[in-house]
Structures are given as C-alpha cells and as structure tokens.
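Me: Could you take me through one part of this fold up close? I'd like to look at the sheet and whatever sits against it.

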Amino acid sequence: RALRPDALIIASHRRSPEQVLSEVAQLALQPGWWKLPAVQSGRVYIVEPTLFIKAGPRLVQGVEILSKILHPDVSSKNIPAGTCLKLALEGGKRCRPQHLRKHFRPYP
C-alpha cells in the first residue's frame, strides 16, 4: 500500500537544512513525488536534525517545532531562525527537480 503523507518532514543526519537543499532534487525525481498530498499542499519541511537526534534540551525544542509544523493553529511556540525550511510552491504547482531547492523558504 502506498503511503500518502499530509506533511513530510525531512531531517538528514548531521546536515543543516541549507545543506539538505542540495539533495532535495533526488526526492523530486522519485516516482509519485508530485502526487503526494504533502507536496501538493506545500507541507514539506526540512528541519535541523540535531533537534531530534541528541537527548537534551534541544530535543524538547524539536518536539515544539514538530508541534508548530503539524498543528500551526494550536501551537504558540515560535520556530527559531535557521532551523526549518518549508516548500513554497503554491497549490500543487510543479517545477523541474533541479530547481526545487529555490522553492524552499525559512519557516515560519
């Protein structure tokens, strides 16, 4: 059965969100990428991985960021600058995979 996520959160081990942008074209080349509900609605996020892989205070911050991403209307926490990027293609628009990196913006 195919998975159809409403939100897609990408964290690459030991790489910043900006560094992951160089690899995002590989995802867009995968069959079905543009049909994913998360991609069509622009709910694709690249997050700072250190917020999720190390035990400590930053792990709490990581959970707060996930809360804001998944439930922006409920969470009152702000996402620290530089920790999250969001796909900014509007309403199911597509682009060439090699240009996808240009369509991620700091979130929120």
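Reply: Let's start with the first pairing: S1, residues 8-10, runs parallel to S2, and 3 bridges hold the two together in the pairing. Keep in mind that this is a predicted model. If you want a spot to click on, go to isoleucine 9, whose bridge partner in S2 is tyrosine 45.

Now move across to the other side of S2. S2 and S3 are also joined by 3 bridges, but here the strands run antiparallel. Isoleucine 46 is a handy marker, standing opposite leucine 85 in S3. Carry on and you find S3 paired with S4, again antiparallel and over 3 bridges, with leucine 87 opposite phenylalanine 104 in S4.

Put together, that gives an open sheet of 4 strands in the order S1-S2-S3-S4, with mixed pairing. S1 and S4 (104-106) are the edge strands; each has a single partner, so one side of each has no neighbour in the sheet. From one strand to the next, the twist averages 25°.

What lies against the sheet? Helix H5, residues 57-70, packs on it and touches S1, S2 and S3. The direction of H5 makes about 150° with that of S1.

S2 deserves a second look. In a regular strand, side chains alternate between the two faces of the sheet. Both faces of S2 are covered: Val44 and Ile46 are buried on one side, Tyr45 and Val47 on the other.

Those residues lead us into the cores. The largest nonpolar core has 18 residues, and the members touching the most others are Trp33, Trp34, Val44, Leu100 and Phe104. Helix H2 (24-28), helix H3 (37-40), S2 (44-47) and S3 (84-87) each supply at least two residues of this core. There is also a second, separate core of 8 residues, which includes Tyr45, Leu51, Ile69 and Cys84.

Back in the largest core, tryptophan 33 is worth zooming in on. Leaving out residues up to four places away in sequence, tryptophan 33 touches Leu8, Leu27, Ala28, Val39, Val44 and Leu100.

One last stop, just past the sheet. Most peptide bonds are trans. The one from tyrosine 107 to proline 108, though, is cis, with omega near -5°. You'll find proline 108 in the segment after S4.

Definitions and conventions. Residues are numbered from 1 along each chain as its sequence is written. This is a predicted model: local features need pLDDT of at least 70, side-chain atom pairs count only at pLDDT 80 or more; totals for chains, interfaces and linings use all residues. Side-chain values use heavy atoms; hydrogens and water are left out. A nonpolar core is a set of buried Ala, Val, Leu, Ile, Met, Phe, Trp, Tyr and Cys residues joined through side-chain atoms within 4.5 Å. Buried means under 20% relative accessible area, exposed over 50%, partly exposed in between (1.4 Å probe, protein chains only). Contact means heavy atoms within 4.5 Å. Two strands pair if DSSP finds at least two bridges between them. Axes are lines fitted to C-alpha atoms, for helices over the stretch in contact, and angles run from 0 to 180 degrees between N-to-C directions.
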